[in-house]
Amino acid sequence: MARRISQPGIVGVLLVFDLLNFSANGFLSALAVTGPAKADGLFAVCGVFTMTAVGIWVLHWLWSYTIRAPGDFLRQSFNLLFAFAAALALWDAGCVLAGLGQAQLALLRPWTLRWLASGLAAGVIGRALFTQVTGRWTREGRLARRTLIVGGGAPALDAMRRLEKSGKGALQILGVFDDRVQPRPPDDFGRHENPGRYKHLGSFADLEAFCRAEKVDLLVVALPLFAENRLFQVLQQLWVLPVDVRIFAPGEKLPLRGRAYSYIGDVPFLPVFDKPLSDWAVAQKNLFDRTLALVLIVLLSPLLSLLALGVRLSSPGPVLFVQTRYGFNNQPFRAYKFRSLHTASCDPSAKIQVARDDPRVTKFGGFIRRTSLDELPQLFNVLKGDLSLVGPRPHALRAKAAGMIYERAVEGYFARHRVKPGMTGWAQVNGWRGETDTVEKIEQRVAHDFYYIDHWSPWLDIKILAKTPLAVLFPKNAY
């Protein structure tokens, strides 16, 4: 099969295109109307910021930032027209009500009309290209959601047959997981219509590892609702995964309101778990993270250089300490830090945590650890996409609390990896950072991570970033 295309990545590209379309056409239209010599910079900046913010919000409200949206070209063109018209109307009305001078009001009409024409033309052309490209990728199966059927027998066969007819290439069914032990040939599933198409991939015990390794997007549980024990067993395993989980509900026989069901095509499901962040949220967060990380790297480059020099002069050895840590979906990545320990004492696996007055820490290393300045190189991890600015802090693979590896100390520990880890997080700004010499400390840290995942919003990220300097200036439990 052709290489998969990231769905949040597509949404992110569309979001960046619209941001550039609104803002660039706004500035160019202002220059075309007034000329560079007479341009009112503050007036133009306020207009561009307002128009762009309102336009993007309207497009989001109209569901224009979903993976299926580019496929409907006419609808998306209308949405774009509505977004531009709403944003322009709000800006023009605001300018009139604010009582701007006659000179500025005289420029308002030609500026906004030119902005509407150029922005709409560029937007329609861009969406036509998106429609062509995503349509081809959909036909090639590169945008299909990787799907597993959990269960067996008649319900699983029914679910697969109906999804094949209604999925319209939106799903790629990888196979079936079933705990029943009676022997069956691996091509038994789908024998009626697509012999050999679906395979029995393993039992419920193998499900979590397979989902992580194969980057599964959707799990369809096809078990009878009266099989409560088996259903509970499966769902208890699945909540730690960053996937959507749906229970197949053929015939909608339960006495529930229609809105209790979700649909793939015309196939009804009961939603159980959703990925913590939608494609739109992931795209929005990635754009914010990488833009701000790039700005901070540029602004902090003198400080980064001084810190690197301090590490170099404090003790022999490399400036950076590179450690493998858990990332999104338990995928390991290489995290960068300024080295704070003597080279011979560095502990990449974190078997022994740094404690108060630890002799392994250099004098300069103690300062940068207490102030978290040793973490600044992780801005490059954010730029690479390994980290977010805000999220659960990434832990070393063998980190321990009271002698126990974290995943054994806290039930459901790996559920914190349903989102990308961060340079700072809700746990850290609430004092739960540094050494975990007791189980309670890691339990509290993980509980705060779960709170962040369940309550995520852009405003929560901004709040955490705003509180981080105070947590750094008044450190607790960091040595």
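Hi everyone, let me start with one residue: E214 is partly exposed, with a relative accessible area of 33%. For these classes, buried means under 20% relative accessible area, exposed means over 50%, and partly exposed is in between, using a 1.4 Å probe and protein chains only. The structure on the screen is a predicted model, where local features need pLDDT of at least 70 and side-chain atom pairs count only at pLDDT 80 or more, while totals for chains, interfaces and linings use all residues. Residues are numbered from 1 along each chain as its sequence is written, and side-chain values use heavy atoms, leaving out hydrogens and water.

So what does E214 pair with? Its side chain meets that of R146 in a salt bridge, at 3.1 Å from N to O. This pair connects distant parts of the chain, with E214 in helix α6 and R146 in strand β1 (residues 145-150), 68 residues apart. R146 is the buried partner, at 12% relative accessible area. By salt bridge I mean a side-chain nitrogen of Lys or Arg within 4 Å of a carboxyl oxygen of Asp or Glu. Helices (H or I, at least four residues) and strands (E, at least two) are DSSP runs, numbered from the N terminus.

Let me step back to the whole protein. There are 15 helices and 13 strands, and 47% of the 479 residues are buried. Of the contacts with a separation of 6 or more, 75% are between residues 24 or more positions apart, a contact being heavy atoms within 4.5 Å. The accessible surface comes to about 23800 Å², and carbon and sulfur atoms own 63% of that. Those areas come from the Shrake-Rupley method with a 1.4 Å probe, and for residues only the protein chains shown count as cover.

Back to charges. A search of the whole structure finds eleven salt bridges. Which residues are linked in a network of them? They are K337, D374, E375 and R393. E375 and K337 meet at 3.9 Å, N to O. E375 sits in the loop between α10 and α11 (378-384) and K337 in strand β9, so this pair ties together parts 38 residues apart in sequence. E375 also meets R393, at 2.9 Å, N to O. That second pair links E375 in its loop to R393 in the loop between β10 (388-390) and β11 (400-401), 18 residues apart. Are these residues buried or exposed? E375 is buried at 14% relative accessibility, K337 is buried at 9%, and R393 is buried at 8%.

Next, please look at helix α9. Its 14 residues, 301-314, should span 20 Å at 1.5 Å a residue, and its end C-alpha atoms are indeed 20 Å apart; the expected span is 1.5 Å times one less than the number of residues. The buried residues of α9 are L304, L307, G310 and V311. Down the axis they fall within an arc of 120°, so they line one face of the helix; the arc is that of the directions from the helix axis to the C-beta atoms. Remember that an α-helix has 3.6 residues a turn, so residues three or four places apart point the same way. Among the elements covering the buried residues of α9 are α8 (279-299), β9 (332-338) and α10 (363-370). The face turned away from the buried side carries the exposed residues P302, L306, R312 and L313.

Now for the surface. W57, W61, F78 and F82 make a nonpolar patch with about 510 Å² of accessible area together. Patches use residues with over 30% relative accessible area and no salt bridge, joining like charges within 9 Å and nonpolar side chains (Val, Leu, Ile, Met, Phe, Trp, Tyr) within 5 Å. Helices α2 (41-61) and α3 (73-97) each supply at least two residues of the patch. F78, in α3, is exposed at 53% relative accessibility. In the loop between α2 and α3 we find W63, which is exposed at 65% and has a positive phi near 60° without being a glycine.

Last stop, a buried spot in helix α1 (residues 7-34): N21, at 4% relative accessible area. Leaving aside neighbours within four places in sequence, N21 contacts F84, G119, A122 and G123. N21 and G119 are 98 residues apart in sequence, yet 6.1 Å apart in space, C-alpha to C-alpha.

Thanks, everyone!
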